[in-house]
Amino acid sequence: MAQDVVVGLLGLGTVGSGVIQIINDHQRELQHQVGRPVKIGKVLVRDKTKPRDIAINEDQLTEDAAEILNDPNIDVVIEVMGGVQEAREYILEALGNKKHVVTANKDLMALYGSELLKVAADNSCDLFFEASVAGGIPIIRGLTEGLSSDRITEMMGIVNGTTNYILTKMDQEGRDYDEVLKEAQALGFAESDPTSDVEGLDAARKMAILGTLGFSTDIALEDVIVRGITTVTTEDMEYCRQLGYTLKLIGLAKRKEGRVEVTVQPMLLPDSHPLAAVNDEYNAVYVYGEAIGETMFYGPGAGSLPTATAIVSDLVAVIKNYVLGVNGHSIPTPLFEKQLKSDEEVEAKYFLRLHVKDETGTFKAVTSLFAQEDVSFEKLLQWPLETEEPAAEVVIVTHKTNRAVYERIYNELENMDVVIDVKSSYRVEGGHQ
Ligand SMILES: NC(=O)C1=CN([C@@H]2O[C@H](COP(=O)(O)OP(=O)(O)OC[C@H]3O[C@@H](n4cnc5c(N)ncnc54)[C@H](OP(=O)(O)O)[C@@H]3O)[C@@H](O)[C@H]2O)C=CC1
Ligand SMILES: N[C@@H](CC=O)C(=O)O
Ligand code: NA
C-alpha cells in the first residue's frame, strides 16, 4: 500500500454511488483515522455510456474487470456489482493479486463465504462483508468484535427491508400485498428480482451468514428452513392483532447444547417484543448472549448511503489492519462442528387458523387430535362464518410443542372431515429460549 490508498470499485449502482459519495464527503475524517488519503481508482460498470447521477471522470470507468484486478496501484477492491459466479471469480482474482476485498454481496458470501475467507487468509488479505447483512447496521462487527467474548444462543432478525415494508403497510394500512410490493420496488429496497425478497431467500442468505458467525459453525444456505410472505393475508394480521401479536418475517437462529436451528418464516411476536416495533424498511437483529442477555441492533438495512457506510467502515478496518501489519485475519474459521437440531428438538408455539364445519362433534374431533399428541391450547377464538353451509372460523394458539408433533397435527387437520380448510399456520416466538 502506497501513501495514498487506491480503491477499485466493481459496480457503480445504488451502493457503488454511495461509496464514492462517502469517500468524497468524509475524506477529512477518513484521512484522520487512517493517516493517508483514500482515493477511487478505476470503476467497473456494465455500460460506460449509461448516464450517471454521481460525478465521476469518464476515464475512471471501465467495462474490463482486468483493468482493476491486475492494476498494481489498486490496494483494495470493493465489490458492489452483485451476482454470484462473476463476482466470485473477480474476488478470487483480486485476492490472488494480494488486494484486500470488501463486499456487500450476501448471495455470494452465503454460498462461498468460507472458501473466500480461506483464500483471503492464505494471501494475507482482508475480506470484509459488513454490508452483506442488514446494510448499514454494524451487526457483523457487533457479533465478531463487540460480543466476541460472549456465547450467543439466539439471534432473531428482521433482515429484509422489502418484506418488512410490505408487512407493515398491510398491517397498519390494510393495503394489498401486490400494490405494496410495487411500491417497495419503486423505492429501491427490493432486489432486481424481488422473488428472493418475498420468498425469504434474501433473508435466508443473511441468516446463514449470521448463524455461521454468531455460533462459530459453518451454516450452509441449505441448512436454513425457508418460507416467505407470499401467503400472508390481512385477515391473519387482524387475528394476530386481536390476540396481542405482530406478524413479521423473522430470521431465527437458535443454539442449545451445541445444536442449532436456522429458519426464516413469517412468525408471530408478542406486541411487547422489541422486534414487533420495527417497521417499514427498517431492519433489526435481536441477539441473546449467555453473559450479556438481550441486545438489539437497529437501523437501515438497505439504501445507498446506509449500505455504503458499512462498506467504507470495512475499508477503514482494512487500512488500519495494514498500518498495524495484521491483514489476513478477518474472521476466524468456525470452532464447532455443525450439529443441526432434529424436528423433535425444535420447540415452539403455533398459531393456526381453520375453517371448520359448524356441526356437533367438530370441536371434539379437533381437540381430541391435539390431546392425542399431548398439545394444549394457550388461546382459542371461534366465530360463525357467513357461508351457505354452516361453518366457523377457529383460531388456535398452542402451547409449546415440537416440530415433528406439530407437522403430524397439521397433516391430520388437512385430512379431517370436519375441517374445511387450514387457512394459515405460523410459528409463535418471543421468549429467548
Ligand atoms: N441496494 C441495497 O440497498 C443493498 C445492496 N446490497 C448488495 O450490494 C450489491 C450491489 O447492489 P446495488 O448497488 O443495489 O446494485 P445495482 O444494480 O444498483 O448496481 C450494480 C452495478 O454493478 C454493475 N455491474 C453489474 N454486473 C456487472 C458485470 N457483470 N460487469 C460489470 N459491471 C456490472 C452495474 O453496471 P451498470 O451501472 O453499467 O449497469 C451497476 O453499476 C448487491 O450484491 C446487493 O445485494 C447489499 C445491501 C443493500
Ligand atoms: N432487498 C434487500 C436489500 C438489502 O439487502 C432488502 O429488502 O433488505
Ligand atoms: Na451490516
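Is S216 buried, exposed or partly exposed? Keep that in mind and select S216 in your viewer; this is a predicted model, and we'll start the tour right here.

**Stop 1: two serines with an unusual backbone**

S216 is partly exposed, with a relative accessible area of 22%. Anything under 20% would be called buried. To find S216, look in the loop between α10 and β8 (224-226). Now check the backbone: S216 isn't a glycine, yet its phi is positive, at about 50°.

Next, select S124. Here again you have a residue that is not a glycine but has a positive phi, this time about 55°. S124 belongs to the loop that runs between α5 (106-122) and β6 (127-128). Its relative accessibility is 48%, so S124 counts as partly exposed.

**Stop 2: the sodium ion**

Go to ligand 3, the sodium ion, and show the protein atoms around it. Which protein atoms act as its donors? They are the O of E130, the OE of E130, and the O atoms of V133, G135 and I137. Put distance labels on them and you should read 2.3 to 2.6 Å. Along the chain, the donor residues follow the spacing E-x2-V-x1-G-x1-I.

While you're here, color by accessibility and look at two of these donor residues. G135 is buried because its relative accessible area is just 3%, under the 20% cut-off. I137 has 2% relative accessibility, so I137 is buried too.

**Stop 3: ligand 2 and its shell**

Now select ligand 2 and bring up the residues around it: K106, N160, G161, T162, F189, A190, E191, D197, D202, K206, G301 and A302. Sorted by class, that shell holds 3 nonpolar, 4 polar and 5 charged residues. If you switch to cartoon view, look for α7 (161-173) and α10 (201-215), each of which supplies at least two residues of the shell.

Which side chains should you show in sticks? Three polar contacts are worth a distance label, starting with T162, where a polar side-chain atom sits 2.6 Å from an oxygen atom of ligand 2. Then take E191: an N or O atom in its side chain is 2.7 Å from a nitrogen atom of ligand 2. Finish with K206, which places a polar side-chain atom 2.8 Å from an oxygen atom of ligand 2. Turn on the surface to see the cover: ligand 2 on its own exposes 250 Å², and the protein buries 92% of that.

**Stop 4: R205, along helix α10**

Stay on helix α10 and click R205, which is found there. Is R205 buried or exposed? R205 is buried, because its relative accessibility is 13% and the cut-off is 20%. Leave out residues up to four places away in sequence, and R205 touches K106, D107, A110, S196 and L221. You've met K106 already, in the list of residues around ligand 2.

**Stop 5: ligand 1**

Move on to ligand 1. How many residues are around it? There are 23, and L12, V15, K50, R52 and G303 come nearest. The shell divides into 9 nonpolar, 7 polar and 7 charged residues.

For the polar contacts, show the backbone here. A polar backbone atom of G303 is 2.7 Å from an oxygen atom of ligand 1. For L12, the distance from a polar backbone atom to a ligand 1 oxygen is 2.8 Å. R46 also offers a polar backbone atom, 2.9 Å from an oxygen of ligand 1. By itself ligand 1 exposes 900 Å², of which the protein buries 83%.

**Stop 6: the loop between β2 and β3**

Last, select D47, in the loop between β2 (38-44) and β3 (61-62). With neighbours within four places in sequence set aside, D47 is in contact with R52 and E63. Measure C-alpha to C-alpha from D47 to E63 and you get 6.7 Å, although they are 16 residues apart in sequence. D47 counts as partly exposed because its relative accessibility is 32%.

In that loop between β2 and β3 you'll also find D53. Its relative accessible area is 85%, so D53 is exposed. For one final distance, draw a line from D53 to D197: they are 144 residues apart along the chain, with their C-alpha atoms separated by 26 Å. D197 takes you back to the residues around ligand 2.

How values were computed
Residues numbered from 1 in each chain as written. Chains lettered and ligands numbered in written order. Predicted model: local features only at pLDDT ≥ 70, side-chain atom pairs only at ≥ 80, totals over all residues. Heavy atoms only, no water. Donors = N, O, S within 2.8 Å, 3.2 Å for Na, K, Ca; no water. Buried < 20%, exposed > 50% of the residue type's maximum accessible area, 1.4 Å probe, protein only. Near = heavy atom within 4 Å. Polar contact = N/O pair within 3.5 Å; in protein donor to acceptor, adjacent residues only side chain to side chain. Areas by Shrake-Rupley, 256 points an atom, 1.4 Å probe, with all protein chains shown as cover. Nonpolar A, V, L, I, M, F, W, Y, C, P; charged D, E, K, R; others polar. Helix = DSSP H or I, 4+ residues; strand = E, 2+ residues; numbered from the N terminus. Contact = heavy atoms within 4.5 Å.
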